[in-house]
Amino acid sequence: MLTTNRREKVARVDAALSCVYGDPEWSPSLDPVGELVLTILSQHTSDRNSGAAFDALHDRFEGDWHRVIAAPTEEVARTIRSAGLSTIKAPRIQKVLDEVRRRTGDFDLRFLEKMPLPDARRWLMSLDGVGPKTAACVLMFSLGMPAMPVDTHVHRVSRRLGLIGPKVGADRAHDVLAELVPASRAYPFHINLIRHGRQVCRAPVPRCQICPLTGLCDYFQAHRDQTRQEAAT
Ligand code: SF4
C-alpha cells in the first residue's frame, strides 16, 4: 500500500517536473568503458573538471586503454590531476580497466545491454571501486537502460519530497527508486530531479516559495506546520 502511494506520488512529481523542465530525451554518450572511466573521474568533483581530466587522459594515451593500464600510475595520476584525488582515482581506473580486459578479453561492455538490469548492475558492481551510482551511470548514460543514478541532487530532492525515507542513504536509494519509477520515465525523471535540485530545491536551503511541488512535498508540509505552531504559541 505504501509502495502504491509512493508510486502515485512519483508519477505526480514526474508530471509536474515535466511541465516545468520539459521531457529530456536520452541520446548515447560515451561507450560503456569510457563512461565507466569518466564516472570514476567525476567522483567528488564537478562535471567540468572530470570532463577535462577525461579529455587529457584520452589525448595522452590516444584513447588506448591498454596503454593506460601499462603506464606508470604516477603518470596517469599526473594526467588526470584536474579531477582531484588523482592518486586514488588513477590506480582505481587502471585496476578497473585491467579487470574488464581480463574478464571480457577486450574493453567492450555492450553485452550488458542484453542482460536483465539487476544482472547488469551486479556485473558492474563486482568490479573493485564500482558502486551503485557508477554502475547506474554506465547503464543509463551509455546504454540507455533504466538504471537511475542517485547523485546528491536526486538523493536530497527525493528525501525532501518523501519519495524515500529520511534515513535511506544514497546507495540504498537506488533500489528504492528503481521500485517506484517506471522504466520508461527513469531518464527524464533523473534529469529533471537534478535540474530541480540545482535551481530550486537547493542545499542547504530550498527555495520553496517558487517551487511547484509544495503540494506534494513532505519537507514543505512539515516546515509549514512547524511555522504555524510557532506562530500560535
Ligand atoms: S517544496 Fe521546497 S523542499 Fe519541497 S521540493 Fe520544493 S523546494 Fe524542495
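The following paragraphs walk through the fold, the nonpolar cores, the ligand site and a few individual residues of this predicted model.

The model is predicted, so local features are reported at pLDDT of at least 70 and side-chain atom pairs count only at pLDDT 80 or more, while totals for chains, interfaces and linings use all residues. Residues are numbered from 1 along each chain as its sequence is written, and side-chain values use heavy atoms, with hydrogens and water left out.

The overall fold is a good place to start. The chain holds twelve helices and zero strands, where helices (H or I, at least four residues) and strands (E, at least two) are DSSP runs numbered from the N terminus. Read from that terminus, the order of elements is α-α-α-α-α-α-α-α-α-α-α-α. The C-alpha trace spans about 70 × 35 × 30 Å along its principal axes. Of the 233 residues in the chain, 45% are buried; here buried means under 20% relative accessible area, exposed means over 50%, and partly exposed covers the range in between (1.4 Å probe, protein chains only). Among contacts (heavy atoms within 4.5 Å) with a separation of 6 or more, 63% link residues 24 or more positions apart.

Next comes the interior. A nonpolar core is taken as a set of buried Ala, Val, Leu, Ile, Met, Phe, Trp, Tyr and Cys residues joined through side-chain atoms within 4.5 Å. The largest such core has 37 residues, and Trp65, Leu97 and Leu124 have the most contacts inside it. Two or more residues of this core come from each of α2 (32–41), α3 (47–60), α4 (65–70), α5 (73–79), α6 (86–104), α7 (117–125) and α8 (132–142). A second core, separate from this one, has 31 residues, including Val13, Leu163, Val168 and Phe189. Returning to Leu124, its contacts beyond four places in sequence are Leu109, Leu112, Val130, Ala135, Val138 and Leu139.

Two residues with polar or charged side chains are also found in the interior. Glu35 lies in helix α2 and counts as buried because its relative accessibility is 6%. With residues up to four places away set aside, Glu35 touches Ser29, Leu30, Cys137, Val138, Phe141 and Ser142. Thr134 belongs to helix α8 and is buried too, with a relative accessible area of 5%. Outside its neighbours within four places in sequence, Thr134 is in contact with Leu36, Thr39 and Gln43.

Helix α1 (residues 2–21) contains Leu17, which is buried at 0% relative accessibility. Beyond four places in sequence, the contacts of Leu17 are Gly22, Phe189, Asn192, Leu193, His196 and Leu213. The last of these partners is 196 residues away from Leu17 in sequence, yet the C-alpha atoms of Leu17 and Leu213 are 8.3 Å apart.

The ligand site brings in some further residues. A residue is placed around the ligand if one of its heavy atoms lies within 4 Å of the ligand. By this criterion the shell comprises Arg160, Leu161, His196, Val200, Cys201, Pro206, Cys208, Cys211, Thr214, Cys217, Tyr219 and Phe220. Helices α9 (152–161) and α12 (218–232) are the elements that give two or more residues to this shell. By class, the shell has nine nonpolar, two polar and one charged residues, with Ala, Val, Leu, Ile, Met, Phe, Trp, Tyr, Cys and Pro counted as nonpolar, Asp, Glu, Lys and Arg as charged, and the others, Gly among them, as polar. One shell member, Cys208, is 173 residues from Glu35 in sequence and 35 Å from it in space, C-alpha to C-alpha.

Finally, some backbone details may be of interest. Ala203 and Pro204 are joined by a cis peptide bond, with omega about 0 degrees, and Pro204 is found in the loop between α11 (186–199) and α12. Positive phi values in residues other than glycine occur at His44, near 60 degrees, and at Glu62, near 50 degrees. His44 sits in the loop between α2 and α3 and counts as exposed because its relative accessibility is 74%. Glu62 is in the loop between α3 and α4 and is likewise exposed, at 63% relative accessibility.
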